[in-house]
Amino acid sequence: MTDAAAPTPGLAGIPATDPLAPYDAVLLLSYGGPRGPEDVLPFMRNATAGRGVPDSRLLEVSGHYQGFGGASPINARNAELRDALQARLAERGSSLPIVVGNRNWHPFVSQALRELADSGARHILTLPTAAFGSYSGCRQYREDLAGAVALLAAGADGSTGDGFEADAAARVGGDGGAPVDLTVDKTRPYYNTSGLLEANIDAIVEAYGALAEQGVAAADVRLVLVTHSIPLGMESGSAPSSDADGASGQMTHPAVEPAAHSTEDPAGRLTEQREPGVAADLSTEVSYVAQHEALASVLVPEVARRLGLEKVEADLVYCSRSGPPQARWLEPDVNDHLQALAAGRLTDGRPAERPGGVVVSPFGFISDHMEVVFDLDTEAAQTARDLGIPYVRAATAGTHPAFVDSLVDILIERAAAARGENVHPASTTGVGPFHTVCPPSCCRPGTRHPGTRPAESTAHEPAVGQQSAMSRP
């Protein structure tokens, strides 16, 4: 079943005892991807909006989709996850409908919200498909939501009437409808949930088994943990900073609330009231890289235990760098790392024994989309073949039962916070982020290109010139 074809269950009669009350619908919020060859170029224009990338360059990059019929696998993976969430929520007593909405392709966020609004939803809980906190994976999705909510409030979310490409550029489609006011909340990042940890451990152990079938002993394998690279400026802005001025894209649309506001207590003193899920102590809110390091610190020892080894050699590397050559992004790239390992070293020059094989785990991604099936299954796998290193790519979390359970827990946790209950988020790593609304001092976009406008000036679109770190879903 595709997300376009999935029926939206009726909203009438949702009981107050539903574990997701006070919400009346769930939006699975994702990046989006083309569904056919004719979608690729307008999709790529959306994904690079404001960065001045010429169509000639976009056509070169869009060649990655040709081996997949011009379609991104993210669409099918999101549909599978939606169905798994819907089934597990039903088992746990929730009748709320779930639909998929995307930043950069149909169904756009505005289309998904209109579908839910037409079914009667007015208070919607959003679950992004990004597990880690950063501008691209957190605040920018809130900007997407704020822009879509504003479109529906104005009744301006329908087709432009100027054709397919104009609708895509405006991130709208369909018939639209009358103005409607929605309240939309978001869950916290969930990289530190037990289900994501368990799913990745299971997949890595299985991948070690596949190398064992090729005659490679577990002790001779190096574990390569891969996540999406982001610009260094975005990394430095991904954790709270004491010197941040907050002017970094913080959305203040009334339907997508700021993290805090001041009110008077009964004695007339000003006190800070925080949005549910935002702790007063932000000391556990760590950066994008630190989040991955924290997950690796609990994952790698458990992999070693499961394999019966005293230690597993593991490295954190990156893939899917994009943007202009002069921009600095997180390194090392997975291909550079493999080449260094083959030469008996790391990319920083430190010695490392050439491995008998590598298990590449895309633990920074929750499903098999283009960054995985092209960057890892195609490019990195070819690099390993050229180097003569046995290579197995571990599965992503996908619809692993434990992962789906944790996502349901995250939804229920956010609903409890919305009801005013005292919520104590669980964390496998002992650190956050735990926020559901980005504090002004974190999830900042980093350096923009010269002459560009701040995010607030184009609330319904990615800020002109910002480097979106999610380039090829």
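This is a guided tour of selected helices, backbone features and cysteines, in an order that can be followed in a viewer. The model is predicted, and every stop below should be read with that in mind.

**Helix α1**

Begin by selecting residues 37–47, which form helix α1. Of the 11 residues in α1, 8 are buried, so this helix is largely enclosed by the rest of the structure. To see which positions are concerned, highlight Asp39, Val40, Leu41, Pro42, Phe43 and Met44, together with Asn46 and Ala47, since these are the buried residues of α1. If you then display the surroundings, the elements that cover these buried residues include α2 (55–61) and α6.

**Helix α13 and its partner α7**

Next, select residues 401–418, helix α13, and add residues 194–213, helix α7. A packed pair of helices is described by the angle between the two axes and by the distance that separates them. For α7 and α13 the angle is about 165° and the axes lie 7 Å apart, which means that α7 runs roughly antiparallel to α13, as the angle is over 145 degrees. The crossing in which α7 passes α13 is left-handed. On the α7 side, the residues to show as sticks are Ser194, Gly195, Leu196, Glu198 and Ala199, and they meet Ala402, Phe403 and Ser406 of α13. Coloured by class, the residues of this contact divide into 4 nonpolar, 3 polar and 1 charged.

**Helix α13 and its partner α3**

Keep α13 on screen and bring in residues 74–91, helix α3, which packs against α13 at an angle of about 65° with the axes 10 Å apart. The two helices, α3 and α13, are therefore roughly perpendicular to each other, and their crossing is right-handed. From α3, the residues Leu81, Ala84, Leu85, Arg88 and Leu89 face a set from α13 made up of Val404, Asp405, Leu407, Val408 and Leu411. The classes in the contact of α3 with α13 are 8 nonpolar and 2 charged residues, with no polar ones.

**Two cis peptide bonds**

Most peptide bonds are trans, and most residues other than glycine have a negative phi; the next stops depart from one or the other of these tendencies. Zoom to Ala21 and Pro22, which are joined by a cis peptide bond with omega of about 15°; Pro22 belongs to the segment before β1 (25–30). Then move to His106 and Pro107, where the peptide bond is again cis, with omega of about -10°. Pro107 lies in the loop that runs between β2 (98–102) and α4 (109–118).

**Two residues with positive phi**

Select Arg171, in the loop between α6 (164–170) and β4 (183–186). Its phi is near 55°, a positive value in a residue that is not glycine, and Arg171 is buried because its relative accessible area is 8%, under the 20% cut-off. Continue to Ser320, in the loop between β8 (314–319) and α10 (334–342). Ser320 likewise is not a glycine and has a positive phi of about 65°, and with a relative accessible area of 4% it is buried.

**Cysteines**

Finish with Cys138 and Cys443. Are these residues buried or exposed? Cys138 has a relative accessible area of 0% and is buried, and Cys443, at 0% relative accessibility, counts as buried too. A search for disulfides across the structure returns 0.

Definitions and conventions: Residues numbered from 1 in each chain as written. Predicted model: local features only at pLDDT ≥ 70, side-chain atom pairs only at ≥ 80, totals over all residues. Heavy atoms only, no water. Axes fitted to C-alpha atoms, helices over the stretch in contact; angles between N-to-C directions. Helix = DSSP H or I, 4+ residues; strand = E, 2+ residues; numbered from the N terminus. Parallel < 35°, antiparallel > 145°, perpendicular 65-115°, else oblique. Left-handed = near helix turned anticlockwise from the far one by under 90°. Contact = heavy atoms within 4.5 Å. Nonpolar A, V, L, I, M, F, W, Y, C, P; charged D, E, K, R; others polar. Disulfide = S-S within 2.5 Å. Buried < 20%, exposed > 50% of the residue type's maximum accessible area, 1.4 Å probe, protein only.
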